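Biologist: Could you walk me through this one while I have it open? I would like to start with the nucleic acid and then move on to the protein.

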There are 2 protein chains.
Amino acid sequence: MTRSEENYIKTIFHIGRQGQEAVSTNSIAEQMETKPSSVTDMVKKLSDKNLVNYKRYQGVSLTDLGTKVALGVIRKHRLWEVFLVEKLDFSWDEVHEVAEQLEHIKSDKLIDRLDRLLNYPKYDPHGDPIPDKDGGFEERDKKLLSEVAVGEGGVCVGVKDSSASFLKFLDKNNIALGQFIQVLEMEEFDGSLVIGIGDSTRQISHQIAANLYVKIKE
Amino acid sequence: MTRSEENYIKTIFHIGRQGQEAVSTNSIAEQMETKPSSVTDMVKKLSDKNLVNYKRYQGVSLTDLGTKVALGVIRKHRLWEVFLVEKLDFSWDEVHEVAEQLEHIKSDKLIDRLDRLLNYPKYDPHGDPIPDKDGGFEERDKKLLSEVAVGEGGVCVGVKDSSASFLKFLDKNNIALGQFIQVLEMEEFDGSLVIGIGDSTRQISHQIAANLYVKIKE
DNA sequence: ACAAATTTTTAGGCAAGGCTAAGTTTGTGT
DNA sequence: ACACAAACTTAGCCTTGCCTAAAAATTTGT
């Protein structure tokens with residue numbers, strides 16, 4: 001598997017998660033900042049290698065083999081992210097691009113040992129689940145903060161958007177994984193929320209709330 | 001810098017260390033398991049980028065800039081080797097090929113933090129010196145075991161050949177860095193040695209002795 | 001249902017990095 | 001000194017992965 005093939009597979013997996021069905025050429029191209037014609041080329045190659053199901057004009061989906069490959073790459077990416085944060089004191093907005101490089105290192109032993117060094121973590125620094133060696137992972141049951149009823153609250157367990165700018169915003173506002181967030185008020189007009197974190201309260205926009213996952217206390 | 005360019009630079013540096021002068025196209029090709037014609041192509045490109053001095057038919061040598069690049073890659077390679085051995089319990093014969101991949105990861109922050117995590121090591125698992133951020137490094141004063149006088153001895157500080165087969169041989173014979181080795185006898189006929197390690201003695205060939213570095217006790 | 005808009009594919013090219021085969025240049029032996 | 005071997009370069013071609021422009025298929029609007 002070349003680096004490029006791995007990146008395509010990973011992208012197809014990520015897009016596929018949102019909408020289940022066949023993934024469009026255009027969406028892949030957009031996500032990867034490349035052109036649709038390049039996608040077509042690569043998709044044919046992946047199809048020849050039995051990594052994707054592909055029929056002209058009908059979009060693409062991962063085969064079982066392709067899914068396995070995708071989960072392998074994602075496992076590596078997320079383990080490296082944990083390493084960067086836990087062992088090298090990177091902040092959660094700095095890890096992505098380095099992990100994009102590290103995820104392509106080929107060595108099973110390396111990744112198994114890394115897993116051990118990190119104590120077999122189940123989630124990465126953004127709260128996303130880390131697949132195990134066989135591709136299995138536990139998706140936490142979580143809710144977007146924007147969908148939590150007024151008066152309710154939960155522990156922050158993840159972010160939907162993990163762009164550096166969003167993560168930096170959260171840092172600035174002392175919002176971090178593991179923190180308890182309570183929804184105190186919700187403004188009908190724009191969907192903005194007043195939330196309580198620890199002893200203080202804040203006003204956050206709907207956009208922010210729609211990118212924060214919390215786990216509701218049962 | 002592409003991965004390939006970095007590999008050429010690194011190879012030119014390593015060959016240049018042995019013989020000082022301009023490095024031949026053929027020796028680069030041989031070392032890199034590629035063809036001389038490919039080397040010529042790449043060398044031209046490196047010359048355009050001011051990384052090497054090159055005149056047709058006259059061999060090639062690194063410029064100051066090229067040397068800096070080489071030391072940077074070597075620093076990364078050796079730090080990763082230390083990481084693999086110290087943190088992930090790789091043995092010293094397993095680290096090379098993984099480090100070959102890791103050395104091309106681009107992130108200054110990553111490498112500085114890795115250096116810190118490992119406590120600023122000065123030598124890699126084979127006893128080779130690790131350049132610091134500015135490219136400076138301390139070459140230990142050491143001697144090949146084959147050049148040590150009978151009756152003398154020293155602490156094993158490095159290997160000249162770091163191929164997996166040689167390193168495994170050393171493991172099998174309980175020879176490791178840090179161990180005190182004494183030359184007890186030397187066979188004139190084939191240059192083989194009888195050496196003492198700890199409480200036991202062993203017979204080793206000249207070939208082995210000529211690939212082991214020791215530091216003579218002053 | 002059918003023309004227009006959109007999406008996707010094909011055709012043809014480009015740069016990187018490699019190869020083989022065919023020249024050049026340099027070095028060597030006598 | 002000069003012929004020949006060895007070393008090196010050039011020329012031309014290949015694959016990967018990407019691009020633009022143009023053609024084909026699909027979807028959409030009415």
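Modeller: Gladly, and please keep in mind that this is a predicted model. Around DNA strand D there are 22 residues, of which A:Ser38, A:Lys45, B:Thr40, B:Lys44 and B:Tyr54 come nearest.

Biologist: Which part of DNA strand D do the atoms within 4 Å of the protein belong to, sugar or phosphate, or bases?

Modeller: Sugar or phosphate accounts for 77% of the atoms of DNA strand D within 4 Å of the protein, and bases make up the rest.

Biologist: What lies 2.7 Å from a phosphate oxygen of that strand D?

Modeller: That is a polar side-chain atom of A:Thr34, and a polar side-chain atom of A:Tyr8 lies 3.3 Å from a phosphate oxygen of DNA strand D. On the base side, an N or O atom in the side chain of A:Asp41 is 3.4 Å from a base nitrogen of DNA strand D. Two or more residues of the surface near this strand come from each of helix 1 (3-19) and helix 3 of chain A, and likewise from helix 2 (25-32) and helix 3 of chain B. Helix 3 of chain A gives the largest share, five residues.

Biologist: And what about DNA strand C, which residues are the closest there?

Modeller: DNA strand C is surrounded by 21 residues, and the closest are A:Thr40, A:Lys44, A:Tyr54, B:Ser38 and B:Lys45. For B:Ser38, an N or O atom in the side chain is 2.6 Å from a phosphate oxygen of the strand, while B:Lys35 uses a polar backbone atom, 3.0 Å from a phosphate oxygen. A base oxygen of DNA strand C lies 3.3 Å from a polar side-chain atom of B:Tyr57.

Biologist: Which element gives the largest share of the surface near DNA strand C?

Modeller: Helix 3 of chain B does, with five residues, and by class the surface near DNA strand C holds six nonpolar, ten polar and five charged residues.

Biologist: Switching to the protein-protein side, how many residues does each chain bring to the contact?

Modeller: Chain A and chain B bring 22 residues each, and the area buried between them is about 1800 Å², with carbon and sulfur atoms giving 63% of it. On the chain B side, B:Leu88, B:Gln101 and B:Ile105 lose the most area to chain A, together 25% of what that side buries.

Biologist: How many salt bridges are there between chain B and chain A?

Modeller: There are four salt bridges between the two chains, including one in which the side chains of B:Glu94 and A:Lys109 meet at 2.5 Å, N to O. Ten residue pairs are in polar contact between chain B and chain A, counting pairs with both residues at pLDDT 80 or more.

Biologist: One last residue, A:Asn211: where is it found, and is it buried or exposed?

Modeller: A:Asn211 is found in the loop between helix 8 (206-209) and strand 8 (212-216) of chain A, and it counts as buried because its relative accessible area is 13%, under the 20% cut-off. A polar atom of the A:Asn211 side chain lies 3.0 Å from the backbone oxygen of A:Gln207. Leaving aside neighbours within four places in sequence, A:Asn211 is in contact with A:Leu144, A:Gly158, A:Val159, A:Lys160, A:Asp161 and A:Phe166.

Methods: Residues are numbered from 1 along each chain as its sequence is written. Chains are lettered from A and ligands numbered from 1 in the order in which they are written. This is a predicted model: local features need pLDDT of at least 70, side-chain atom pairs count only at pLDDT 80 or more; totals for chains, interfaces and linings use all residues. Side-chain values use heavy atoms; hydrogens and water are left out. Helices (H or I, at least four residues) and strands (E, at least two) are DSSP runs, numbered from the N terminus. Buried means under 20% relative accessible area, exposed over 50%, partly exposed in between (1.4 Å probe, protein chains only). A polar contact is a pair of N or O atoms within 3.5 Å; within protein, one must be able to donate a hydrogen and the other to accept it, and residues adjacent in sequence count only if both atoms are side-chain atoms. Contact means heavy atoms within 4.5 Å. A residue is near a molecule or strand if one of its heavy atoms lies within 4 Å of it. Ala, Val, Leu, Ile, Met, Phe, Trp, Tyr, Cys and Pro count as nonpolar, Asp, Glu, Lys and Arg as charged, and the others, Gly among them, as polar. Buried area is the accessible area (1.4 Å probe) that two parts lose on being put together, summed over both.
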